[in-house]
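Biologist: Please pick one part of this model and take me through it slowly, with its surroundings and with the reasons behind each label. I am in my first year, so I would rather have longer explanations than short ones.

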Amino acid sequence: MFEHVLILSSYLFCIGFYGLITSRNMVRALMCLELIFNAININFVTFSNFLDSQEIKGEVFAIFIIAIAAAEAAIGLSIILVLYRNGRSNQINEFNLLKW
């Protein structure tokens, strides 16, 4: 069971990483970043249960990562919304609005 969960986590991480580096859409890039965070959460919980099932350190780290991911999604989507209103596009390579 331990190996299956680690394989699932590595698949999620690889899919998220590949999507993050190949995506031109900002919303898709944020979704791929969330996949990476979920793979990390699965690893934390799995290793926490495997090494010491009485402690909940991995679950606590996972909760912190979920909170950080929610804040990142809210801030990222608000930035995307503002850039879409100004530039009428959500493609990563078309944004040069932050340059002076």
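Modeller: Before the numbers, one definition: helices here are DSSP runs of H or I with at least four residues, strands are DSSP runs of E with at least two, and both are numbered from the N terminus. The model is a predicted one, and pLDDT is the predictor's confidence in each residue, from 0 to 100. For the protein chain the mean pLDDT is 86, with 88% of the residues reaching 70 or more. Among the elements, α1 has the highest mean pLDDT, at 94, and α3 the lowest, at 86.

With that definition, the secondary structure of the chain comes to three helices and zero strands, following the pattern α-α-α along the sequence. The unreviewed UniProt entry places a "transmembrane region" at residues 6–22, 29–48 and 60–84. In the model, residues 6–22 are 100% helix and 0% strand, with end C-alpha atoms 24 Å apart. Residues 29–48 are likewise 100% helix and 0% strand, and there the end C-alpha atoms are 29 Å apart.

The part I will look at closely is helix α2, which covers residues 26–51. At 1.5 Å a residue, the 26 residues of α2 should span 38 Å, and the end C-alpha atoms of the helix are indeed 38 Å apart, so the expected and modelled spans agree. Its buried residues are Met26, Ala29, Leu30, Cys32, Ile36, Ala39, Asn41, Thr46 and Ser48, where buried means a relative accessible area under 20%.

Let us begin at the start of α2. Asparagine 25 sits in the loop between α1 and α2, and a side-chain oxygen of this asparagine comes to within 3.2 Å of the backbone nitrogen of valine 27. The relative accessible area of asparagine 25 is 18%, which is why it counts as buried. A partner from far along the sequence also meets this region: isoleucine 92, in the segment after α3, lies 66 residues from methionine 26 in sequence, yet their C-alpha atoms are 5.8 Å apart in space. Leaving aside neighbours within four places in sequence, isoleucine 92 is in contact with Ser23, Arg24, Asn25, Met26 and Ala29. Isoleucine 92 has 39% relative accessibility and therefore counts as partly exposed. For the chain as a whole, among contacts with a separation of 6 or more, 58% are between residues 24 or more positions apart.

Now consider the aromatic side chains. A search of the whole structure finds four aromatic pairs. In one of them, the rings of phenylalanine 2 and phenylalanine 47 have centres 5.4 Å apart and planes at 80°, and because an angle over 60 degrees counts as edge-to-face, the pair is given that name. Phenylalanine 2 belongs to helix α1 (residues 2–22) and phenylalanine 47 to helix α2, so this pair ties together parts that are 45 residues apart in sequence. Both residues are partly exposed, phenylalanine 2 with a relative accessible area of 21% and phenylalanine 47 with one of 37%.

Another aromatic pair joins phenylalanine 44 and phenylalanine 61; it is stacked, with 5.4 Å from centre to centre and 25° between the planes. Here phenylalanine 44 is in α2 and phenylalanine 61 in helix α3 (residues 57–87), so that distant parts of the chain, 17 residues apart, are linked. Phenylalanine 44 is partly exposed at a relative accessible area of 33%, and phenylalanine 61 is also partly exposed, at 47%. In addition, Phe2, Phe47 and Phe50 form one aromatic cluster.

Finally, serine 48 lies in helix α2 and, with 10% relative accessibility, counts as buried. Not counting residues up to four places away in sequence, serine 48 touches Ser53, Glu55, Ile56, Lys57, Gly58 and Glu59. Its side chain reaches the backbone nitrogen of glycine 58 at 3.3 Å. The C-alpha atoms of serine 48 and valine 60, which are twelve residues apart along the chain, are separated by 9.9 Å.

To draw this together, α2 pairs an aromatic ring with one in α1 through phenylalanine 47, pairs another with a ring in α3 through phenylalanine 44, and is approached by isoleucine 92, which contacts Met26 and Ala29 among others.

Key: Residues are numbered from 1 along each chain as its sequence is written. Side-chain values use heavy atoms; hydrogens and water are left out. UniProt positions are given in the numbering used here, feature names are shortened, and annotations may be inferred rather than shown by experiment. Rings of Phe, Tyr and Trp (its six-membered ring) pair if their centres lie within 6.5 Å; planes under 30 degrees apart count as stacked, over 60 as edge-to-face and the rest as tilted. Buried means under 20% relative accessible area, exposed over 50%, partly exposed in between (1.4 Å probe, protein chains only). The expected span of a helix is 1.5 Å times one less than its number of residues. A polar contact is a pair of N or O atoms within 3.5 Å; within protein, one must be able to donate a hydrogen and the other to accept it, and residues adjacent in sequence count only if both atoms are side-chain atoms. Contact means heavy atoms within 4.5 Å.
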